[in-house]
There are 2 protein chains.
Amino acid sequence: MDASFSTIVSRLQALSTSDHTSVVSLNLFVALLLACIVIGHLLEENRWMNESITALMIGLCTGIVILLTTGMKSSHLLVFSEDLFFIYLLPPIIFNAGFQVKKKQFFRNFMTIMLFGAIGTLVSCTIISLGAIEFFKRIGINSFDIGDYIAIGAIFAATDSVCTLQVLNQDETPLLYSLVFGEGVVNDATSVVLFNAIQSFDLNHIDPRIALQFIGNFFYLFFASTMLGVLTGLLSAYIIKKLYFGRHSTDREVALMMLMAYLSYMMAELFYLSGILTVFFCGIVMSHYTWHNVTESSRVTTKHAFATLSFVAETFIFLYVGMDALDIEKWRFVSNSPGTSVAVSSVLLALVLAGRAAFVFPLSLLSNLTKKNPNERISFRQQVIIWWAGLMRGAVSMALAYNKFTSSGHTHLRDNAIMITSTITVVLFSTVVR
Amino acid sequence: MDASFSTIVSRLQALSTSDHTSVVSLNLFVALLLACIVIGHLLEENRWMNESITALMIGLCTGIVILLTTGMKSSHLLVFSEDLFFIYLLPPIIFNAGFQVKKKQFFRNFMTIMLFGAIGTLVSCTIISLGAIEFFKRIGINSFDIGDYIAIGAIFAATDSVCTLQVLNQDETPLLYSLVFGEGVVNDATSVVLFNAIQSFDLNHIDPRIALQFIGNFFYLFFASTMLGVLTGLLSAYIIKKLYFGRHSTDREVALMMLMAYLSYMMAELFYLSGILTVFFCGIVMSHYTWHNVTESSRVTTKHAFATLSFVAETFIFLYVGMDALDIEKWRFVSNSPGTSVAVSSVLLALVLAGRAAFVFPLSLLSNLTKKNPNERISFRQQVIIWWAGLMRGAVSMALAYNKFTSSGHTHLRDNAIMITSTITVVLFSTVVR
């Protein structure tokens, strides 16, 4: 306890001396965010553009400018930090999605969402892992072990719930939105189970008992995370109803809702649960119970403040991904072996397509069999859209790839750098071409 | 440029590896914030308590608990970082104060506020500096030079605008509120001028030319900061009026206002101006122009969202100050020479009282001479309240003291530690006893 305490202390102390360069970076970053919002708004009529692509493009352009001014040394203002992403940017986005989701539509398709999120992700992960084992050796990448391959599978099997919000519109296509977005939330739990599995099991000796443990783990994680979110949401409703009865204060109510939602996410992280699942359900419960116990102005404020926070966080992420795409360090390795890099990216893209096709169509069929009303069935056209919309890989994939391939020792630097540049290629390709 | 870039990079990288201990700290901190809000609300009827004192108390208790569990090694969850304070917590508080200020009252007393903020702070600073030079040597503190003494004067002459918000109520005592709070905002500019002066002038050779430069600097800083804030505010109004005409989007409007306000503060820091003054005037202009160009729901949202952010930031600061008050490292030096420490604290407290009295009463008299309407004059009772309310020293003094006495070399460790513990003593005393 003491040792880790003092490391945090020294880390924070290293950051605490105010540096003028960091003020410059922050200024530029805020100005770029503003530019994204204004330009994104001006291009709103344009079919091919939206805030995220604008942010991605502005990020790329800024990256080029910084690259040129620093003499090809650095292309970003801030280093991509998983903490920044998972602790500050992701929670408001997912919470807001839960807060604004159409609950009726979501719960009507609950079983299908679960099928897609749990079984689908497993199928997809298996196919991508096996495919990577099969093809990577032929391309000339030999340094990964079985754990690395499962990690690759998990990274590329995860639908990016943030990207999905950008492609599908809740009001225009409620069924598709709830299916694809719900899948993205549920498969976060699957990813956490897979990642934990990689660390705790000896993967060179696979036997049926491990498969059972897998399934048990998944159900434990899913229910524990959901319950945590639901309980925090209900607690917030209870506190506001009991304590504030008769003398409401908008600021306190809003602060309470915000902090409780954030606490639910952080508590899930504390207990090694799926924070995304927890904060999503916390959002659903808060919009269903807490929201009806607060004053009228609290209702307006929370609705728009949460949406604004989520909007800014999304823009921030895309701006960042665009800037980071040009990081010269990683591309240096690639320029030594351009063929390998293109091959890796293409193989991964093909595997993602195949892995997704392998579960969307069979599972949709299965889901249709249980529906008696033909209107509730998923048509073939909708299945194609689900397949295609869920293809997008975005900030979540990036963050996982960084987590896996930059911190775990620097023994296989070249292969790791190629994996990261390939992830970036897949992310850029799947976001822009859609 | 390159060197400083890479230091930031390495600093951020040191923070980026997610640590489970930091998750624990964040959880505890958010939970404590929630406790402050709920308990503060329950104690609302109590005359002697409010959210800030509750937060201070909870912080102290938590500090004791952490001190005991870590075996007297550490008493806080996060190290006090000036960056955290000046870059993230202070801007929303000051912006919100500008956004919600009663403009009519504020501008009617503008000259008096300027007198208090500029001349008053200088008088107070001079008295405290001279007093410290006089008394500190007798107590046994010899290691400070003239620059250190002026720094002590500047630190203790600065009225804490955050604390003032807690003591005076805008609705009940509008005149007093606008005078004391306005003084707090204006004297930030004075403090910046003084701090810059310490660094750039050779203080061992004081001549009249330097005094003139002082005055010139102050006027430049005051007008430049104000203009920057006003221009950013007007720009935000222009953008929203021109671009969003006819197709308003609440989320974009709120995001734009938030980011523009923050940008104004950061730009002031970039150009070495007074960020507090800039963001305060930006808030005033935004509430006067921008706010009337947005949709009804944007109006409700910004009003409450800014207030909530400010409220949470204030609670955070007081919670933090409470926790940090018990930092064992600093008190170790004090326990070796308890007499000196008590003497320093008492001397400082007495000097603050005297320094404040030396300008509040004469300047109020001067201000009353210019007012023809007897109702607008400042009565003697009100003068006493101004004197007393402005005495409070809080988070701003703490941050300045840390800035000055922990980073500037570790040659005079004992004296510096005594200065910091004395600051804490003065802050605690003036917040609780009032």
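1. Helix 11 and helix 13 of chain B are oblique to each other. Their axes come within 10 Å and cross at roughly 40°. Angles under 35 degrees would count as roughly parallel, and those from 65 to 115 as roughly perpendicular, so this crossing falls in neither class. The model is a predicted one, and these values are computed from it.

2. The crossing of helix 11 of chain B with helix 13 of chain B is right-handed. To find the two elements in the structure, look for residues 250–270 of chain B for helix 11 and residues 296–324 of chain B for helix 13.

3. Which residues in helix 11 of chain B meet helix 13 of chain B? They are B:T250, B:E253, B:V254, B:M257 and B:M258. On the side of helix 13 of chain B, the residues are B:S297, B:S298, B:T301, B:T302, B:F306 and B:L309. Sorted by class, this contact has five nonpolar, five polar and one charged residues.

4. Elsewhere in chain B, B:T121 lies in helix 6, which spans residues 110–139. Is B:T121 buried or exposed? Its relative accessible area is 2%, and the limit for buried is under 20%, so B:T121 is buried. With neighbours within four places in sequence left aside, B:T121 is in contact with B:F116, B:A157, B:N187 and B:T190.

5. Chain A has 18 helices and zero strands. Of its 434 residues, 58% count as buried. The area that chain A exposes is about 17,500 Å², and carbon and sulfur atoms supply 67% of that area.

6. Contacts in chain A can also be sorted by separation in sequence. Among those between residues at least 6 apart, 82% join residues at least 24 apart.

Methods:
Residues numbered from 1 in each chain as written. Chains lettered and ligands numbered in written order. Predicted model: local features only at pLDDT ≥ 70, side-chain atom pairs only at ≥ 80, totals over all residues. Heavy atoms only, no water. Axes fitted to C-alpha atoms, helices over the stretch in contact; angles between N-to-C directions. Helix = DSSP H or I, 4+ residues; strand = E, 2+ residues; numbered from the N terminus. Parallel < 35°, antiparallel > 145°, perpendicular 65-115°, else oblique. Left-handed = near helix turned anticlockwise from the far one by under 90°. Contact = heavy atoms within 4.5 Å. Nonpolar A, V, L, I, M, F, W, Y, C, P; charged D, E, K, R; others polar. Buried < 20%, exposed > 50% of the residue type's maximum accessible area, 1.4 Å probe, protein only. Areas by Shrake-Rupley, 256 points an atom, 1.4 Å probe, with all protein chains shown as cover.
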